[in-house]
Amino acid sequence: MANGGPVEHGFPHLETVRAAVTALYRRLSYDTIHQFAASVPPVDVAFCDTDDLHLGTQRVARELVRHYRLPDARMIVAFREMEHAAHVELAAGPEYFVELNDRFRTHRRDIGAALAHEIMHVYLHRLDLSFRGTRANEILTDTATTYLGAGWLLLDAYREDAASSQKLGYLTPEEFGYVLAKRSLVFGEDPSTWFTSPQAYTAYVRGREQALHDERQPPLTAAGWAGRRRYARDRRHAQDRGHGEDRRLAAVVASAADPPYTFAPDPRGPLRVTFPCPTCHQRIRVPVKGRVRARCGLCRTVLECDT
């Protein structure tokens with residue numbers, strides 16, 4: 001939790017975020033992910049200063065448990081002084097104990113954001129899905145919270161001006177916006193109308209630009225002229241050399257660590273190109289033979305390609 005301190009911006013964790021989206025599709029399946037097509041509505045997690053602190057917190061926790069489809073998980077919530085925003089004990093259940101930072105006694109509208117992250121820890125624990133290392137695992141939790149419909153609360157808790165700042169979670173505001181935009185492209189949902197923080201809306205717009213950039217990478221037909229020209233050059237070099245040497249592109253966005261595509265020979269046929277699915281980021285392999293329609297086997301996205 002950034003409380004008055006500097007807030008990190010940009011896309012420094014983009015590679016881990018993309019890996020987290022892929023992991024969700026692999027562990028949950030297409031059908032399960034599409035059970036979360038509707039986000040947590042603002043009315044279900046609204047919390048005003050006149051609400052009883054503990055009763056209101058229990059109410060919001062129950063709504064999030066219901067959203068995550070955790071009927072057996074009962075949340076016991078307490079408040080205490082701590083460095084982080086919250087903490088959850090991942091015991092065997094059926095009860096889970098969540099501690100919230102004392103700050104939320106007076107910042108009640110952000111209680112839903114803190115609970116959304118902690119209850120997602122319970123959800124992932126039950127799935128036995130985790131990443132190695134604390135930071136990577138927390139990024140997985142933020143990404144899952146957002147992709148499964150509750151992370152807009154975390155982005156809306158981001159506020160920053162010349163005198164103060166607040167941000168919850170391990171993702172930057174722009175990365176939260178990126179995952180929200182990825183979700184929006186899949187489910188046709190517009191979360192921007194729910195933001196009460198103007199800074200959150202700005203971060204969402206920047207994240208959406210990055211998400212749309214993923215949709216315009218060659219060999220997708222939506223790629224721009226410069227990308228298509230670069231792709232044609234690399235394809236020609238791979239074909240001329242005949243040994244399938246990988247050709248890495250300079251990423252247009254500095255934080256995009258993976259190359260948009262690689263070429264590899266196929267002893268049974270033509271040269272093949274491998275590239276990430278713009279929806280789930282699983283790598284797809286198709287022959288280099290012009291116009292091709294590919295279907296991602298993981299997220300079922302149909303991709304129009306010009307290889």
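These exercises, each with a worked solution, walk through a predicted model.

**Exercise 1. Describe the aromatic pair formed by F11 and Y178, and find where its two members lie.**

Solution.
- Step 1: Start with the total. The structure holds nine aromatic pairs.
- Step 2: Take the geometry of this one. The ring centres of F11 and Y178 are 6.5 Å apart, and their planes make 75 degrees. Planes over 60 degrees apart count as edge-to-face. The pair of F11 and Y178 is edge-to-face.
- Step 3: Place the residues. F11 sits in the loop between β1 (2-3) and α1 (14-28), and Y178 sits in helix α7 (residues 173-187). The pair links distant parts of the chain, 167 residues apart.
- Step 4: Check the burial. F11 and Y178 are both buried.

**Exercise 2. Work out what surrounds F36, beginning with its partner Y123.**

Solution.
- Step 1: Look at the pair. F36 and Y123 meet edge-to-face, with 6.1 Å from centre to centre and 85 degrees between the planes.
- Step 2: Locate both ends. F36 belongs to the loop between α2 (30-33) and α3 (53-67), while Y123 belongs to helix α4 (residues 111-127), so the pair ties together parts that are 87 residues apart in sequence.
- Step 3: Check the burial. Both F36 and Y123 are buried.
- Step 4: Widen the view. Y68 joins F36 and Y123 in one aromatic cluster.
- Step 5: Look at the ring face. R69 lies over the face of F36, 4.7 Å from the ring centre.
- Step 6: List the contacts of Y123. Leaving aside neighbours within four places in sequence, Y123 touches L28, T32, F36, Y68, L70 and L148.

**Exercise 3. Which residues touch the most other members of the largest nonpolar core, and which element gives the largest share?**

Solution.
- Step 1: Take the size. The largest nonpolar core has 88 residues.
- Step 2: Name the residues with the most core neighbours. They are L64, Y68, M75, L100, L115, I119 and Y123.
- Step 3: Find the largest share. Helix α4 supplies it, with 11 residues.

**Exercise 4. Assemble the sheet that contains β2, β3 and β4, then add its helices.**

Solution.
- Step 1: Set the order. The three strands run β2-β4-β3 in an open sheet with mixed pairing.
- Step 2: Find the edges. These are β2 (74-80) and β3 (86-89), and each pairs on one side only. From one strand to the next, the twist averages 20 degrees.
- Step 3: Join β2 to β4. Seven bridges link β2 with strand β4 (residues 95-101), and the two run parallel. One bridge partner in β4 is L100, which matches F79.
- Step 4: Join β3 to β4. Four bridges connect β3 and β4 in the antiparallel sense. H87 has E99 in β4 as its bridge partner.
- Step 5: Read the side chains of β3. A86 and V88 point to one face and are buried. H87 and E89 point to the other face and are not buried.
- Step 6: Add α3. This helix lies across β2 and β4, at about 140 degrees to β2.
- Step 7: Add α4. Helix α4 packs on the sheet and touches β2, β3 and β4; its direction makes about 145 degrees with that of β4.

**Exercise 5. Assemble the sheet of β7, β8 and β9.**

Solution.
- Step 1: Set the order. The strands follow β7-β8-β9 in an open sheet, and the pairing is antiparallel.
- Step 2: Find the edges. β7 (262-264) and β9 (283-287) each have a single partner strand, so one side of each has no neighbour in the sheet.
- Step 3: Take the twist. Its average is 30 degrees from one strand to the next.
- Step 4: Count the bridges. Three bridges pair β7 with strand β8 (residues 272-276). T262 has T274 in β8 as its bridge partner.

**Exercise 6. Are R228 and L298 buried or exposed, and what does each one touch?**

Solution.
- Step 1: Place R228. This residue is found in helix α9 (residues 225-241).
- Step 2: Apply the cut-off. Buried means under 20% relative accessible area. R228 has 18%, so R228 is buried.
- Step 3: List its contacts. Beyond neighbours within four places in sequence, R228 is in contact with P218, P219, L220, A223 and D306.
- Step 4: Place L298. This residue is in the loop between β10 (291-295) and β11 (302-306). At 15% relative accessibility, L298 is buried too.
- Step 5: List the contacts of L298. With neighbours within four places in sequence left aside, they are T22, Y25, R26, Y30, C280 and Q282.
- Step 6: Compare sequence with space for one contact. L298 and R26 are 272 residues apart in sequence, yet 7.0 Å apart from C-alpha to C-alpha.

Conventions: Residues numbered from 1 in each chain as written. Predicted model: local features only at pLDDT ≥ 70, side-chain atom pairs only at ≥ 80, totals over all residues. Heavy atoms only, no water. Phe/Tyr/Trp six-rings, centres within 6.5 Å; stacked < 30°, edge-to-face > 60°. Buried < 20%, exposed > 50% of the residue type's maximum accessible area, 1.4 Å probe, protein only. Lys NZ or Arg CZ within 6 Å of the ring centre and 35° of its normal. Contact = heavy atoms within 4.5 Å. Core = buried A, V, L, I, M, F, W, Y, C linked by side-chain atoms within 4.5 Å. Pairing = 2+ DSSP bridges. Axes fitted to C-alpha atoms, helices over the stretch in contact; angles between N-to-C directions.
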